Structure formats: structure tokens, C-alpha cells
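Got your viewer open? Let's take a short walk through this protein, one selection at a time.

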Amino acid sequence: MSHTPIDQQRAWCALAEHAAGMGRRHLRDLFVEQPGRFETFSRSAAGLTLDLSKQRWTGQTLDLLLDLARDAGVPEAIRGLLAGERVNRSEDRPALHTALRLPAEARLEVDGEDLVPSVHATLERMATMVDRFHAGQWRGATGKPIRDVVNLGVGGSDLGPLMVTHALADYRPEGVHRIDVHFASTMDGSQLADYLTRLNPETTLFVLSSKSFTTIDTLSNARTARDWLKSRLLGAAGEEGVDEALVMRQHFIGVSASPEKMAEWGIADDHQLAFWEWVGGRYSLWGAIGLPIALVVGMEHFRGLLAGAHAMDRHFSEAALPDNLPVLLALAGIWNVNFLDIRAHSILPYDGRLEYFAAYLEQLEMESNGKSVTHDGDQVGYSTCPVLWGQLGPNAQHAFYQLLHQGTQAVECDFIAPRVRYDDVPDPATRDHLMGQHRLTLANCFAQSRVLMLGDDAIEDDGPRPEYKHYRGNQPSSTLLLDRLTPQTLGALVALYEHKVFVQATIWDINPFDQWGVELGKKIAGETQQTLEHRTGLEGMDDSTRGLIEAVWSAEGEHGR
């Protein structure tokens, strides 16, 4: 493939010329001129329906974008990703999160090794653990069944499991010993401290999730948890107390790619779960990092989550580009960012169970594609990832929708909702009421995207209004409808966005699987911590940082340190 920058290639130049005219078009006119836009620009797969008809484009636009995808080698990149090629070029390894959801009968050989058996061996080990918890047989050091599990992780080791456990809370299995899962990620200990005031140490277990098992945030919380358990349990069984080794064994599980470091920290070998180097943290909920998910919903539903993601993987692999949901969603983003100069993107779920979905996507997209150099190390000459943000749509309507409708900033929006909800509630009166609430929610979802598109033209003539109440419209949006929110459709939804990120990275010629900026921040934080602790090295700091550190030292002095 040519090393000519993508923005100098034929398809990009054709799109730039096309955008010069399209940038002045209004969505209301496109809908008048092109009847049947929904049928033209909507596709369905894996329990999802994607409506792109409210994007500010035409069939010609999409054809040109598909040419761009082909020029960038998207079909070849898809094959390489799913075949285990070393697509993470800066770290010279594959990115095989899709292998975590392959069925047991599949085969994926990478560097002479079939990865599927080891993936399923870890799933079976997870299943054994989950069965013990749900049977009330995983007992703490004093013999009481574990009831609360606190996941200690950060980034992908926190956001993914947190998002999914909240989204699928309706799928808790019945008739099993209930396990309540909590999440603590902040390095200041505030989240963990709150749990430790409320939880019973005799019935609490901690899951330490860290790919490297060196993450400062996680290990700091882990040390606090260990000290809390020891201080309360070592004398809990009479004068002899509880054996320290038993506390460590029965109250900690580790998930990491570094078994040596887990063992060194004190986690028993048979309470360790494997995490592979070829899975990035933000792509890791499908494997052992998903243990908290399985503890909440059970292994059957966890496997359903994997099956839904795999269904989207197959669609991504097999569907032609014009019918490929991740490709189409990616191209809509490319069109907005690079040709319409829309660099803000809001994620707006209309279902309370998806409360953490926007936060999850913020990491997935901005940590993956927030890059400014190509695979070859050259500075890009075009925009890459937009600023991604969002909130539950019904709440956001009372928060930042004013900016969407009448602000000066153009924003692309993704509206997400299930088509059906509450139809399985047993009581007819309650069911009818709740289904009515769901229809109200959908009405708001559809109405907001309509007003963003049409502006004043969405409103029937109700007499003259002052100019300052003008709604300009012409804000592009995509709408994603899930058949219903299930483990399968949630798996497909997350995989859809994973693959969208990869397609955009391929077109932008950047690596979505490294995060050097994050690593640099960690390094400088470590050096700064040494200065704060030991009061040395201040002369090497900039004036602002020096002033801030001196302000902290002054406050510590006032409080007697």
C-alpha cells in the first residue's frame, strides 16, 4: 500500500471537493430531495439497527467514503485483525480481543499456537469460581460465605465491568447465593474508604485487576484493602486469631498478565486468572477482567455477552463494506470530523441501564484514537479522534441539550435505545404503565434527533417567534436501536464500537492499540511523587508546578506534618 498520506490520496481529495458543496446543504432539504432515506441509510445485524439517514450526506458521499476505506486498505485490515496479524505495530504484537469471544470449536493459530484452548480454559476456571460463589461455598477466613466483592482496577479493568454489570443487572440468576459487586478505582482511596466503612471484612473479597500488576492506582487500593482485612480478621477467631495466609488466600483474587507479580504480592496460584499481553486493557472485559460481570449475571449470561460480540465479529468479517455496520458508523465519523469539521461527539443512551456506556466509550475511543502520529511516526496533517462525551439522554436534555440545539458548536450525536422493554413484567397493570414510560422515553429520543436535524421545521407553525428562539437544526446524528437490551445485544453493541474505532484508525493510519501519552503521564507522576514525599528535585520543576508543590508543603506544615 502506498505511503502517500491518506489526505493526499485520490479518494480523500475527491471527498474534500465534494464536501465544499455538501457543507452548505441542510438536512431538511436532503430529506425533501431524497424520499426513503431511512431505507437507503439503515442497516441491521446481530440484534441492532443502525439508522444513518440523519447524517449530512448523500449516496454519492457514501460512495466516496467507501472508496476512501478501500484506498486505506480497510478490507485487508479487517482480515489482519481477525487473523491475529501484528496490527499493533509499535508494540509488534496482535490485538486479539476478538479471540476472547471465539466459540470453543473455533481455531485461531497465532505464531504456531492455537489460542482458543487457553481462552476457554480461563473461562472454565472463571466458571468454577463463579459456581463456588453462587453456591455460597467461597468462604472467608472465618468460615462465612463471601457476599461482597470489590473490584480494584482502573481504566479498562474498571470501566468495562462497571458498565456491563450495571447494564445487565436485570439478568441476575435466581436461586443462587447473591453476590454484590462494587468498584473502586480512584487512587485517592475515597471510593474504597466508603466501602470499608460499610462492608463486613469476614464476607468481603477483593479482585485485583491489573494487566501489568504494577498500576499504582490499583496497588495502592489493594494495600489499603489488605491492611483493613488483616487489622480486623487476624484477631477475629479468639485468642489464636486467623492465620494471615488464610486471609490472603480466601479474600483475594488476581487478574493479570503477570502471574509472578501476583504470587509475589501474596495471591494464591489457584486464585489467579490469566490476562494476555495481546489484549489491551480497554478491550479486556471479554476475558478474566469480566469476572465481576460473571459474578453478577452468571456464566450463562456472560457467555451470551461473548456470543453477541462474536456475532458482530462475524458480521464485521463477512459483510460487504456498504452493508457493514462498524464500517458505516466509522465512515460517518470520518465524514463529520475530517470533511465537515465537526470535532465533538456526544453519546446519548435512552435507557437507564446504559448509564455508564458513554464513559466506557470515552476511554475506548479517545485512548485508542487520540493520536497525532502515523504508524511510521510522521505527524498527521488532519484531525483524528473527536472529543467524546455524553450522558443518559433523558438527563442530558435538562443539562447540555441547550448547547446542541442553539449553541455555536457543531456536535455529532449517537442516540441509543432498545425497541422493546418491560413486555415481560408479570403484572398487567404494572407492565402497561412501564411500557408507557418506555414509549415516552422513545418519543423523547426520536424527537430530539428530529429537532437536531430539522430545527424550526420540526415544529408546526405556532405563530411568529423572536429570532433568539431560532433552532437552526442541521446537526447530524446516528440512531442505534437494540431489539432489546440483553447480554447478546450488549455484546454486539460494544463490539460494534470496538470495530468502528479500528476502521477509523486504519483510515487515519494510526495505532489504536498503544497509549504512549498515558505512559508518559504515569512516569512524570512517579517523579513528582518523589519530590512531594522527599522534598528534593524541586529545582527541576517548572515555575507553576514548583508553586503548587510549595503550596502543598505549606499546608502540610500548618497541619503539623
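One bit of vocabulary for later: helices here are DSSP runs of H or I with at least four residues, numbered from the N terminus. Keep in mind that this is a predicted model.

**Stop 1: the whole chain.** Select everything and colour by secondary structure: you get 20 helices and 13 strands. The radius of gyration is 26 Å, close to the 24 Å that the globule rule gives for 561 residues, so the chain is as compact as a globular protein of that length. Along the principal axes, the C-alpha atoms fill a box of roughly 85 × 70 × 60 Å.

**Stop 2: inside and outside.** Switch on the surface. The chain exposes about 24500 Å², with carbon and sulfur atoms supplying 50% of that. Underneath, 53% of the 561 residues count as buried.

**Stop 3: the charges.** Now pick the charged side chains: 51 are positive and 76 are negative. The centres of the two sets lie 2 Å apart.

**Stop 4: helix α6.** Select residues 116-134, which make up helix α6. At 1.5 Å a residue, its 19 residues should span 27 Å, and the end C-alpha atoms are 26 Å apart, which agrees.

Show side chains next. Which residues of α6 are buried? Among them are V116, V119, H120, L123, M126, V130 and F133.

What do the buried residues of α6 pack against? Add β4 (113-114), β5 (148-152), β7 (204-209), β8 (252-256), β9 (272-274) and α12 (291-318) to your selection to see these partners.

**Last stop: G136.** Step just past α6 and click on G136, which takes a positive phi of about 70°.

Notes. Residues are numbered from 1 along each chain as its sequence is written. This is a predicted model: local features need pLDDT of at least 70, side-chain atom pairs count only at pLDDT 80 or more; totals for chains, interfaces and linings use all residues. Side-chain values use heavy atoms; hydrogens and water are left out. Helices (H or I, at least four residues) and strands (E, at least two) are DSSP runs, numbered from the N terminus. The radius of gyration is taken over C-alpha atoms; the globule rule is 2.2 Å times the number of residues to the power 0.38. Buried means under 20% relative accessible area, exposed over 50%, partly exposed in between (1.4 Å probe, protein chains only). Accessible areas come from the Shrake-Rupley method with a 1.4 Å probe; for residues, only the protein chains shown count as cover. Lys and Arg count as positive and Asp and Glu as negative; His and the chain ends are not counted. The place of a charge is taken as NZ of Lys, CZ of Arg, CG of Asp or CD of Glu. The expected span of a helix is 1.5 Å times one less than its number of residues. Contact means heavy atoms within 4.5 Å.
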